[in-house]
Each structure stands twice: as C-alpha cells, then as structure tokens.
Amino acid sequence: MVWNVHALLTELGIDYYCSYEKSGNEDTSITVNGIAPLNNASSHDLAFCSSEGDEAVMAISRSGAGVIFCKKSMESLLSPIQKKRQQQCLIFLGNPRLAMMRIIKMIYKGQQKGSIGVSPKAVVSETAKIG
C-alpha cells in the first residue's frame, strides 16, 4: 500500500516543516510504502528519530529511510546532511514519536490480525491446573 505523508499529517492536524527540496517535488507528493525502525528502514519507508544532538545526527546519517520524522530542535544540525542526501526527506515536528504513533494508528485502524478470545475449537485437559 502507498501512503501520502502530507495527507496523513494534514488529516491528523500535525504542524510540520518538510526539508525536501528536490526539484519538481513538493511535500504534497511524498509517499511511503511502509513504516520501519530507523536502523532497518528502506528508501520507501517512513521512520522517526526522537533523539537529539550528535546521537540523532549519527542515526539519521546511517539510516536508509526515505522519510524521517525529526524533532524541530534538530533542524539546524540536520540541514547540512539533508543537502548531501537529497533522496531523504526530513520532516521536522514537535514530537516525532507521537506523530508516528498517531499515523500507525490511523493506517492500521481496523486491520486487526486474527480474533481475540478463546477459540471454540480449544480443548483443555481434565487434568490441567492453573497456577
């Protein structure tokens, strides 16, 4: 499935700034195919970094994620990286972890795997003990 990052953030009412400046592309056209941890993400994935300072710079520099949510406070430190790595879109917002959780909830709403509860086919031994 493909998700438009701008549309998701707008629908959730999340204020953000996108650093993506590749010619011919605007933040309204940025799409992802999945969500992954920062250290395992591909160029088609959305990831987030809630770290700050040098730790965040190193983690983002090593990531292959196509779109990364970053803290607003990191914008000045990450600008030089963004200019070198045009294939990556850094999105600066107040709380990247919260934004990611809200997007995950929106994307996967109603996509529950399996059912919760005890199967009608479950069998319990007469000699089973609890505790």
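Start with Glu75, which touches Tyr17 and Phe92 once residues up to four places away in sequence are set aside. You'll find Glu75 in helix H3. Its partner Phe92 is 17 residues away in sequence, yet the two C-alpha atoms are 6.8 Å apart in space. Is Glu75 tucked away or out in the open? Somewhere in between: with 31% relative accessibility, Glu75 counts as partly exposed. Keep in mind as you look around that this is a predicted model.

Now zoom out for a moment. The protein has four helices and seven strands. If you walk along the sequence, they come in the order β-α-β-β-β-β-α-β-α-β-α. Of the 131 residues, 35% are buried. The surface that the protein exposes comes to about 8600 Å², and carbon and sulfur atoms supply 53% of that. What about contacts between residues with a separation of 6 or more? In this protein, 50% of them join residues that sit 24 or more positions apart.

A good landmark for the rest of the tour is strand S6, which covers residues 67-71. Four of its five residues are buried, so S6 is largely enclosed by the rest of the structure. Which strands does S6 pair with? One is S5, and these two run in the parallel sense over three bridges. Here Phe48 stands opposite Phe69 in S6. Another is strand S7, residues 89-93, which pairs with S6 in the parallel sense over five bridges. On that side, look for Ile68, which stands opposite Leu90 in S7.

How does the chain get from S5 to S6? Follow it through helix H2: S5, H2 and S6 make a right-handed β-α-β unit. In numbers, S5 is residues 45-48 and H2 is residues 53-62.

Next, find Met100 in helix H4, which spans residues 96-108. Is Met100 buried or exposed? Its relative accessible area is 1%, and that is under the 20% cut-off, so Met100 is buried. Which residues does Met100 touch, leaving out those up to four places away in sequence? They are Ile35, Leu46, Ala47, Phe48 and Phe69. You've already met two of these names: Phe48 and Phe69 are the residues that stand opposite each other where S5 and S6 pair. Met100 and Phe69 are 31 residues apart in sequence, but their C-alpha atoms are 7.8 Å apart in space.

Another buried residue is Gln88, with a relative accessible area of 2%. Gln88 is in the loop between H3 and S7. What does its side chain find there? A polar atom of the Gln88 side chain lies 3.0 Å from the backbone oxygen of Ser63. The backbone oxygen of Ala65 is another neighbour, 3.1 Å from a polar atom of the Gln88 side chain.

Let's turn to charges. Side chains of opposite charge can pair when their charged atoms come close. How many salt bridges does a search of the whole structure find? It finds two.

One of them joins Asp15 and Lys72, with the closest N and O atoms 3.5 Å apart. Asp15 sits in the loop between helix H1 and strand S2, while Lys72 sits in the loop between strand S6 and helix H3, so this pair ties together parts that are 57 residues apart in sequence. How open are these two residues? Asp15 counts as exposed, because its relative accessibility of 56% is over the 50% cut-off. Lys72 is partly exposed, with a relative accessible area of 43%.

The other salt bridge brings us back to S6: Lys71 pairs with Glu52, and their closest N and O atoms are 3.4 Å apart. This pair also links distant parts of the chain, 19 residues apart, with Lys71 in strand S6 and Glu52 in the loop between S5 and H2. Lys71 is partly exposed, with a relative accessible area of 21%. Glu52 is partly exposed too, at 43%.

Technical notes: Residues numbered from 1 in each chain as written. Predicted model: local features only at pLDDT ≥ 70, side-chain atom pairs only at ≥ 80, totals over all residues. Heavy atoms only, no water. Salt bridge = Lys/Arg side-chain N within 4 Å of Asp/Glu carboxyl O. Buried < 20%, exposed > 50% of the residue type's maximum accessible area, 1.4 Å probe, protein only. Pairing = 2+ DSSP bridges. Right-handed = clockwise from strand over helix to strand, strands pointing away. Contact = heavy atoms within 4.5 Å. Areas by Shrake-Rupley, 256 points an atom, 1.4 Å probe, with all protein chains shown as cover. Polar contact = N/O pair within 3.5 Å; in protein donor to acceptor, adjacent residues only side chain to side chain.
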